[in-house]
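Here are some quick notes on the empty spaces in this one and a lysine that caught my eye. Have the structure open while you read.

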Amino acid sequence: MRIEYDVKLDFSDVLIRPKRSVLKTRAEVSLEREFRFKHTHSVWQGVPIIAANMDHTGTFAMASTLSQHKLLTALDKFLGPAEWEKFAKTHEQALASCFVSVGISEADFTKLDETMKMVNVPFICLDVANGYTERFVSCLERLRETYPKTVIMAGNVVTGEMVEELILSGADIVKIGIGPGSVCTTREKTGVGYPQLSAIIECADAAHGLGGQVCADGGCTTPGDVAKAFAAGADFVMLGGMLSGHDETLGDVIEENGKKYKRFYGMSSKEAMEVHHGSVADYRSSEGRSVNVPYKGPVKNTILDILGGIRSTCTYVGAHRLKELSKRTTFIRVARQLNEVFASYDVNK
């Protein structure tokens, strides 16, 4: 056993210090980025925000809407080849913004193979809760060998040395985050995790040294958090809870006491395992919450709010482009970042 005494930080521990700027308006800020990926050498251009591959948010309806704003969607791994084929026939343009998600079981690989034979999906998301196992690395190497021209995002991990191993094993993008999600209880059940801001800073440094990218996954609850993730060095930011409760998400609208909600649960929750596997296996515990989130209407409104917030961040530090944000950021440690005296009165909540 050993203890590290270096302070590790989360989004709530810092603010971004403003700097002089020559920008006249938020409209001058470009949020699009262009990436050339390490293993495929292919180029992608767009706004690097990804809807999480949870069954609630990783839907075809979400992909259709987000693609109109040049954002990406990681579709949930329980969608079948026939569903992908149907979507591709009617939404060819939106398909360019999609990740097909896969686990590490043989059944997952078989379904992925069937899907990729039907539909040319440009991105693969190899997704497990614990990206530190030898089996996970072996599966990544197998994916890279099987799909040499497809961009692969793999995770989740939170340390620089594992980011390096995954990039050298075939990942173009490494997904960062263990336990920060709004409906994740991994830290409560296991005691394992890493403060998300520090994880992003350290993992981005490791990835960029090898020509790879990182995707910050989890922990963002406000547009300011998304801006902090990019400022910390994240190339992509994945959102789940912030995109929950919208028309494009899975499930029907529920009405309780005159208010409208939609069901949202973590993919390691008891509810998710019962939906997709029939029960919680005896050898494991549930590591996710199930909640009813307020119904929010079209996701377009939330996307515009998030993008507007990031543009405003850029104007505060003089970044003309999103790419410049991390270079122009100085984080300051704070004990308190919000004045919430009237938070309960907010009519928009």
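1. Start with Lys228, bearing in mind that this is a predicted model. Lys228 is buried yet makes no salt bridge. Its nearest side chain of opposite charge is Asp225, 4.3 Å away, and the cut-off for a salt bridge is 4 Å, so the pair doesn't count as one.

2. What does the side chain of Lys228 have for a polar partner? A polar atom of that side chain lies 2.9 Å from the backbone oxygen of Phe11. Lys228 itself belongs to helix 9, residues 223-231.

3. Lys228 also turns up in the lining of the second largest pocket, along with residues including Arg17, Gly224, Ala227 and Tyr316. This pocket holds about 210 Å³ of space.

4. Which elements build that pocket? Strand 1 (14-16), helix 9 and helix 11 (299-317) each supply at least two lining residues. Helix 11 gives the most, with five. By type, the lining splits into six nonpolar, four polar and two charged residues.

5. Now for the enclosed space. The count comes to one cavity of 30 Å³ or more, and the largest cavity has a volume of about 70 Å³. Strand 6 (98-102) and helix 4 (106-118) are the elements that give two or more residues to its lining, with helix 4 giving the most, at four.

6. Have a look at who lines the largest cavity: among them are Asp76, Lys77, Trp84, Asp108 and Lys111. Its lining residues divide into five nonpolar, two polar and four charged.

Key: Residues are numbered from 1 along each chain as its sequence is written. This is a predicted model: local features need pLDDT of at least 70, side-chain atom pairs count only at pLDDT 80 or more; totals for chains, interfaces and linings use all residues. Side-chain values use heavy atoms; hydrogens and water are left out. On a 1 Å grid over the protein atoms alone, a cavity is a set of points where a 1.4 Å probe fits but cannot get out, and a pocket is an open set with protein on both sides within 12 Å along at least five of seven lines; lining residues have an atom within 4 Å of a point. Grid points are joined across faces, edges and corners, and a volume is the space filled by probe spheres set on the points. Ala, Val, Leu, Ile, Met, Phe, Trp, Tyr, Cys and Pro count as nonpolar, Asp, Glu, Lys and Arg as charged, and the others, Gly among them, as polar. Buried means under 20% relative accessible area, exposed over 50%, partly exposed in between (1.4 Å probe, protein chains only). Lys and Arg count as positive and Asp and Glu as negative; His and the chain ends are not counted. A polar contact is a pair of N or O atoms within 3.5 Å; within protein, one must be able to donate a hydrogen and the other to accept it, and residues adjacent in sequence count only if both atoms are side-chain atoms.
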